[in-house]
Every structure is written in structure tokens, then in C-alpha cells.
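Here are some short exercises to work through with the model open beside you. Try each task before you read its solution.

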Amino acid sequence: MFRVDRRKPGSWGSFWATLTLVGLATRAAQKADMGGEAAATSINHSQVLLQRMQELLRQGNASDVTLRVRAAGTDEVRVFHAHRLLLGLHSELFQELLSNQSEVVLQEPRDCAAVFDKFIRYLYCGELAVLLAQAIPLHRLATKYGVSSLQRGVADYMRAQLAGGAGPAVGWYHYAVSTGDEALRESCLQFLAWNLSAVAGGAEWGAVSPELLAALLPRSDLVLQDELELFQALEAWLGRARPPAAVAERALRAIRYPMIPPAQLFQLQARSGALARHAHAVADLLLQAYQFHAASPLHYAKFFDVNGSAFLPRNYLSPAWGAPWVINNPARDDRSTSFQTQLGPSGHDAGRRITWNVLFSPRWLPVSLRPVYADAAGTALPAARPEDGRPRLVVTPASSGGDAAGVSFQKTVLVGARQQGRLLVRHAYSFHQSSEEAGDFLAHADLHRRNSEFLVENALHLHLIVKPVYHTLIRTGK
């Protein structure tokens, strides 16, 4: 049996002195109008109070309750001497448990028992240090005992870690679903969608549940090399998970086969065990893909609806659909580049290219903020400062021609961040089909700050993607 017992024969004086400091600090912070003063002077003893609370917890002076925390499935017991008043202030459950007894035994999962000291520390001091592996057990404890402030704080920490490219997104997703935390669930889904290539190649992919897979596969914002990579990742998952046939067939039908070139489709049909086992479930989709590749998109659109998701590319990183662009010292001056993309995913358009010109400006000023040197009366007005501007990215075709008839183009810009040696997607900005720029592009970025979350070694890592969107034409008789 493992025991933690830090109580010393302390004095009630120390306990009441601490509570007195609570009252003094509260009253000193209140504003008053005494003695003719316009405003009271604030006396802040919060750090002293925090130190006293830490001592109170560590020494157990004047404790009136004992918590015995037993780790499930073990003989390990941790003993904490605490104060009924402080526990009850944070938790109605503690208030109820300790109302008629001074000692309680708490059964907790092993991971929760291991961080119970951190949990108790938060109840006394209002702060704690969290590691990735401790997030779920701390959130469980906060949820169980109704400590809503800690519950929110840990959830915010988890979402921030996901935004920065850290955190076990698959495990946290499943936990968020089990607890009904919709905000955390959405954060996990977004991270997984933007970094599917990295996740599918790692250990987490094997832990993906059928429900999570079903939530990911329909998304058009998945970032991966191409649709073939997604099919291969799905086939690997099917081989490990061995789900029921209905689950496998629904997953296989979520693949966008028209986005896979015909030569690769032939190879899949010849070599894929998953397609061989479930050929009847996807036969119509494979036929649709071959028809799409055989005809021009304009001709195909006369007879078939091309507005479905099967004909919309995801965020593919392959050279056919975009290009990376690393901008060193992005706050310095304007930059420009150009790249080419395939006109469309159809085999008919495989040899056709569109050239795109890109302009990046770190300090573009809207018309309303551009320098004006005099008003109507001739009074000089100050020029706008460079820092009043915001980053701007403009993507335009080098020329317009008939090749793009029946097609509009959706542009997406991915912003990368380095995490644990990997370059992950941290932000994504999409342009409206009729627009040449994203209005909110890096709207809150400080490119002058070298440790900005948008920069990697003082460089802006972008990946520019252009996706063709087909339009159904007026149908003709067959």
C-alpha cells in the first residue's frame, strides 16, 4: 500500500490566518470613496495568499476531512488531508459527501488516481501544470466532481494543443464523444482533416473507430497527397479493424473514384483485396469514374450531374493541384510567384494546364486606410502607418480562355507549423469561387514576431491549392 500523509500537528491559527487573508485581499481590492478620496488604492496580497494556500495543502494544518483515493484494480491508496470548506466551495459533490463524515474512500481509475494530487492542488490554488497524458484524467475528475472551471480550462488546453499540432487527436476525439464535448470533438476532427497524411501514416490510425472514419471520409477539406493515398489508408484500416461488411462498403463508397486517374483505377481493381471482396458495392462508382475520364467534362455534364462530392477534389498536395511556397522574412516586402495546375481531374484534361500568378503583401492597406495627406480644407492628415496594414494574398490566372468553360476554381491556402519535427497544417483559408483572395488571410498574424505561431524559423510555409468545380449544364436528350 502506498500512502501519502503530509499532515503536521498544525495550528488552527494558521488555517484561520489564511482565511483572514482571503477576506483582507478581497476587501482591499474593493473600491471605496472614503476620506474624500476619488478612488481607493488597491492593496494586492494575492501572491501571499497563494503561498499560504499552498502551505495549507502541503502541511494539512487544521484539516478536518481525510480523502482516501484508491486506484481501481490495485492496493494503492493515496491519503489527502483537506478542509471541508475549501472542497465544498468548488464542488457540490464534495459538499454532499463530506456533510456528515470526516473520512471518505474514493475509487478512481488508475490514471485519475495518479493525478489526484494535481486535482486537489487546483481546488486550493486555482492553478496546475498539465501534461498531454494528464489532460483526460484531469478532465474526468473535473467532470465527476463538478469543478466546471477546471473542466473548461482543461478542454481549452486540449483544443489549444490540437491547434498547435500536438495532442493525440484520435484518442481525444473518442473521449470528446463519450463526454458530449462538441467543441473538443470539432477541434479533433479539424486537426485530423487538415493532417490526415501524417495521421494515416502513424500509430493513431489503427485506433480510429468506425464512427470517426465515417465522420472524416465525406469531408472535402481533407489534406492528403491525392485520393489514392486515402484509398490506401482506408484499405490498411479495413485490414486491421476487420469491420462488418456494411461498414466496409459504406467506407469504400465514400472514396471519390473520379479523382483517381484511370491507370491507377485499373491497378486498384487488379490488386486491391478490399475491392475484390466488395466489388458489388462499388461497381457503379467505378463505372461512373471511367465514364467521367473518357469524355470531356462539358460533354459528360450534359448527361450526368457533376455537382456531387465525387467530382470535387479534396485538398490534394500533389503537384497537379498546387504548389508549396516558403516565404522567408515575410514581414519584409512584397513577393510573387507562379505555378501551374491541371485544368481538371478528368482524364480528358490530363494534359491541360492553367498558370496561376500569386502576390503576397505583408502590409496591404484597404482603401479606407490608405494615406490621405490633406482634407477638403487643406489641413494635413497623418499618413497611415505600415502596421495598420494586414497580410494579403492574391491568386489570379495568368490568362483566361475557353478551356475553363463550365468550370470555376476554388482556391485554398494552407499555413504550416512545425511540431515535433513534422510540418503540420495549422490554418487553412479558402477563397470564394468568384474571389481572387481570402478576406481573412492571416488577419491576426504578427509576422514581425519571430516566434509567431504562423512562422517556422522566421519563414511562412504556405501550400497553394486550386480545385476545379464543375457545373452541370442544361441536359439534352440521350
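**Exercise 1.** Is helix H7 (residues 135–144) largely enclosed by the rest of the structure or largely open, and why?

*Solution.* Keep in mind that this is a predicted model. Start by counting: of the 10 residues in H7, 7 are buried, so the helix is largely enclosed by the rest of the structure. Next, put names to them: Ala 135, Ile 136, Pro 137, Leu 138, His 139, Leu 141 and Ala 142 are the buried ones. Then look at what covers these residues: strand S3 and helices H5 (110–114), H6, H8 (148–163) and H9 (169–179) are included. Last, step just past the end of H7, where Gly 146 takes a positive phi of about 70 degrees.

**Exercise 2.** Work out how confident the predictor is along the chain, and get a feel for the overall make-up.

*Solution.* First the average: the protein chain has a mean pLDDT of 83, with 82% of its residues at 70 or more. Now for the weak spots. In residues 1–12 the pLDDT is below 50, and this stretch has 26 contacts in the model beyond near neighbours in sequence. Residues 22–34 are also below 50, and there the count of such contacts is 10. For the make-up, you'll find 18 helices and 12 strands in the protein chain. Of its 478 residues, 44% are buried. Finally, take the contacts between residues at least 6 apart in sequence: 69% of them join residues at least 24 apart.

**Exercise 3.** In what order do the strands of the open sheet with S1, S2 and S3 lie, and which ones stand at the edges?

*Solution.* Begin with the order, which is S2-S1-S3, with mixed pairing. Strands S2 (77–82) and S3 (103–108) are at the edges with a single partner strand each, so one side of each has no neighbour in the sheet. On average, neighbouring strands are turned by 20 degrees against each other, direction ignored.

Now take the two pairings in turn. Strands in a sheet pair through backbone hydrogen bonds, and they can run parallel or antiparallel. S1 (residues 65–71) runs parallel to S3, and 6 bridges join the two. You can spot Arg 68 opposite Val 105 in S3, and Val 69 opposite Leu 106. On the other side, S1 and S2 run antiparallel, joined by 6 bridges. One pair to find here is Leu 67 with its bridge partner Phe 80 in S2. S1 and S2 form a hairpin with 5 residues between them, and Gly 73 in that turn has a positive phi of about 80 degrees.

To finish, check the surroundings. In S1, 5 of the 7 residues are buried, so this strand is largely enclosed by the rest of the structure. Helix H6 (residues 116–125) lies across S1, S2 and S3, and runs at about 10 degrees to S2.

**Exercise 4.** How do helices H13 (residues 227–241) and H14 run against each other, and which residues make the contact?

*Solution.* Look at the axes first: they come within 11 Å and cross at roughly 175 degrees. Angles over 145 degrees count as roughly antiparallel, so that is the label for H13 and H14. Next, find the contact residues: H13 brings Phe 231, Leu 234 and Leu 238, while H14 brings Ala 248, Ala 251 and Leu 252. Sort them by class and you get 6 nonpolar, no polar and no charged residues.

**Exercise 5.** Are Pro 258 and Pro 218 buried or exposed, and what does each one touch?

*Solution.* Take Pro 258 first, in the loop between helices H14 (245–253) and H15 (262–271). Its relative accessible area is 1%, so Pro 258 is buried. Leaving aside neighbours within four places in sequence, Pro 258 is in contact with Gln 288, Ala 289, Phe 292, His 293, Ala 310, Phe 311 and Pro 345. His 293 is 35 residues away along the chain, yet the two C-alpha atoms are separated by 7.2 Å.

Now turn to Pro 218, in the loop between helix H12 (210–216) and strand S4 (223–224). With 51% relative accessibility, Pro 218 counts as exposed. Setting aside neighbours within four places in sequence, Pro 218 is in contact with Arg 256 and Arg 314. From Pro 218 to Ile 255, 37 residues apart in sequence, the C-alpha to C-alpha distance is 8.3 Å.

Methods: Residues are numbered from 1 along each chain as its sequence is written. This is a predicted model: local features need pLDDT of at least 70, side-chain atom pairs count only at pLDDT 80 or more; totals for chains, interfaces and linings use all residues. Side-chain values use heavy atoms; hydrogens and water are left out. Two strands pair if DSSP finds at least two bridges between them. Helices (H or I, at least four residues) and strands (E, at least two) are DSSP runs, numbered from the N terminus. Axes are lines fitted to C-alpha atoms, for helices over the stretch in contact, and angles run from 0 to 180 degrees between N-to-C directions. Contact means heavy atoms within 4.5 Å. Buried means under 20% relative accessible area, exposed over 50%, partly exposed in between (1.4 Å probe, protein chains only). pLDDT is the predictor's confidence in each residue, from 0 to 100. Angles under 35 degrees count as roughly parallel, over 145 as roughly antiparallel, 65 to 115 as roughly perpendicular and the rest as oblique. Ala, Val, Leu, Ile, Met, Phe, Trp, Tyr, Cys and Pro count as nonpolar, Asp, Glu, Lys and Arg as charged, and the others, Gly among them, as polar.
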